[in-house]
Amino acid sequence: MNKSKLADEETKLVEASDNENTNKGQKRLKAWVIVLIGLSAALISAVGAWALTPKFRFFGFSWEKNVEYEGELVIENGEVCFGTFLSCERLDMEMSGEVDMEELGEYKVQYSAHFKNRHVEREATIRVVDTTPPELELADLDELGESERKVLVCPNGKIPQIKMKAEDRHDGDLTDRIETMFDGNGMVIIAVSDESGNRTIKTVVGLVEDALAPEINVNGLEAKTIVRGSEYEDEGATAVDNCDGDVDVATEGTINTNEPGEYIMKYKAKDETGNESEKYRTVKVVSPEDSNRIVYLTFDDGPGEHTGRLLDILAKYGVKVTFFVTGRGDDALIKREYDEGHTVALHTNSHDYAYVYSSVGNYFADLYAIRDRVKRITGYEPTLIRFPGGSSNTISAQYQRGIMSELVGEVGRRGFQYVDWNVSSGDAGGASTADQVYNNVVSRLGDGRYVVLQHDIKGFSVDAVERIIQYGQANGYVFLPMTAESFLAHHGVNN
Ligand SMILES: [Zn+2]
């Protein structure tokens, strides 16, 4: 073999081996292509299956959403259909589940649809929320321009006088929760938040100034008439300042209740800024003998269930009255009447017209019975009396003609003095309310002496007493208990 042959052989061998390598590479490539084609086919068929398999399809729904409290619940305008990606049959959609638009909270609702015998249901969450901030009204300020809105701020930082109101659609009136703050840069910040954290803020210009003096409130009557020698305790006064709240009141003046005359009580109050105010009470001390305005309040037919309350009212005003008592009621009440300085006088033990007016003997038997009761309770023997029905009554004629004419003389011979009245409160007929009793009494009062008839067994009549006293004390009347020397207001006798 020559060298060139050998070289040829070698070349052939190399060529053969190159061919072999090229064949291997082509085979690998083919395998990859097959795999890729296979995968693509699988993918395409999966996508195709997804797109082409008929099923329920929802479009355009939001599965969680917030709706405003008290607003309108809008049903989703999404769509549901049954079919494939390419062709889908639209279906009616139903929503079920409760959403209370009046109640904040989270609600679950179901959307559902039917296609032939197939059924689908999906849940959605609806939250009823409050995102509306409260309304804040600043009475007079709201109408003004921003630079004109000004409020006074006390030197101590308190903001005394902004008329404001806050109202929230969900929480209602939030006026109590309005916060005000003076920020030190001359601005007053007024803010209010609702329960859901929605906040409304307004600002106004603050002017530091305290122009108002304390306001004094005189306790009790500002003008008052009392009887010489009676006890007087001043009821005082209180004062409130716009910036400082309650402030002390200094009282000046004394009243000599033994010396008739007109006295002035002076009340003074001062706030931190130095603003001062004053108020007065006039107290007239009168002697009964000099007074041309005297009222004797008298109460018949008790004691009874309203007598204790009446005694409390009388004690409050230091007024003494006269009780014409009967056989009824608690002994303790008669004792109280007597101990508290009122006149206890005699009315009747039985208050039975048929009995007391059928004979003089019966009348006195009945009168002595009530006299003995009072004496047993108080140790005191009254001589003032009032006939059942008064001396002018005509009912007694039904039981014995002329008995009143006989009795008015006979009681005097036996050491008694009888009392009638010249002002009837009407509480035994006519009047049935405290207002009527009050009006019947005060409309009759002028200058003079008045014996007023009331009944302490009538609650509405007792209810009128406080106002009658207030009217009297404010109009120069002296209230006195009756004595043997009093004006007795006798009626004409009619039987
Ligand atoms: Zn009576």
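# Briefing: helix packing and local features of a 495-residue chain

Helices H7 and H9 run roughly parallel to each other; angles under 35 degrees earn that label, while those over 145 count as roughly antiparallel, 65 to 115 as roughly perpendicular and the rest as oblique. This is a predicted model, in which local features need pLDDT of at least 70 and side-chain atom pairs count only at pLDDT 80 or more, whereas totals for chains, interfaces and linings use all residues. Residue numbers start from 1 along each chain, following the sequence as written.

**The chain as a whole**

- The chain holds nine helices and 29 strands; these are DSSP runs numbered from the N terminus, with helices (H or I) of at least four residues and strands (E) of at least two.
- The chain is more spread out than a compact globule, because its radius of gyration is 51 Å, well over the 23 Å that the globule rule gives for 495 residues. That radius is taken over C-alpha atoms, and the rule is 2.2 Å times the number of residues to the power 0.38.
- If you like to think in box dimensions, the C-alpha trace spans about 190 × 65 × 40 Å along its principal axes.
- Of the 495 residues, 26% are buried (20 or more other C-beta atoms within 10 Å of the residue's own; 12 or fewer makes it exposed, and in between it is partly exposed, with C-beta atoms placed from the backbone).
- Taking contacts between residues at least 6 apart in sequence, 65% join residues at least 24 apart; a contact has the two C-beta atoms, placed from the backbone, within 7 Å.

**H9 and its packing with H7**

- H7 (residues 434–442) packs with H9 at an angle of about 30 degrees, and their axes are 9 Å apart. The axes are lines fitted to C-alpha atoms, for helices over the stretch in contact, and angles run from 0 to 180 degrees between N-to-C directions.
- The crossing of H7 and H9 is right-handed, meaning that the near helix is turned clockwise from the far one by less than a right angle, while an anticlockwise turn would make it left-handed.
- On the H7 side the contact has Tyr438, Val441 and Val442, and on the H9 side Arg467, Ile468 and Tyr471.
- Sorted by class, the H7–H9 contact has five nonpolar, no polar and one charged residues (Ala, Val, Leu, Ile, Met, Phe, Trp, Tyr, Cys and Pro are nonpolar; Asp, Glu, Lys and Arg are charged; the others, Gly among them, are polar).

**H9 and its packing with H2**

- H2 (residues 307–317) and H9 (residues 465–474) pack at about 20 degrees with their axes 10 Å apart, so H2 and H9 are roughly parallel to each other.
- This crossing is right-handed, and the contact is formed by Leu310, Ile313 and Tyr317 of H2 with Val465, Glu466, Ile469 and Gln473 of H9.
- The H2–H9 contact has five nonpolar, one polar and one charged residues.
- Leu314 sits in H2 and counts as buried because it has 22 C-beta neighbours inside 10 Å. Setting aside neighbours within four places in sequence, Leu314 contacts Val319 and Val321.

**Backbone features worth a look**

- Here is some background for the next items: most residues other than glycine have a negative phi, and most peptide bonds are trans.
- Gly302 and Pro303 are joined by a cis peptide bond, with omega about 0 degrees; Pro303 lies in the loop between strand E22 (293–300) and H2.
- In that loop between E22 and H2 you will also find Asp301, which has a positive phi of about 80 degrees without being a glycine. Asp301 counts as buried because it has 21 C-beta neighbours inside 10 Å.
- His351, in the loop between strand E24 (343–348) and helix H4 (353–356), has a positive phi near 50 degrees. Its 17 C-beta neighbours inside 10 Å make His351 partly exposed.

**Other loop positions**

- Lys158 is in the loop between strand E9 (150–153) and strand E10 (164–168). Lys158 and His351 are 193 residues apart in sequence and 66 Å apart C-alpha to C-alpha.
- Phe85 belongs to the loop between strand E3 (79–83) and strand E4 (88–90), and 14 C-beta neighbours inside 10 Å make Phe85 partly exposed.
- Phe85 is in contact with Ala51 and Leu52, leaving out residues up to four places away in sequence. The C-alpha atoms of Phe85 and Ala49 are separated by 9.8 Å, with their positions 36 residues apart along the chain.
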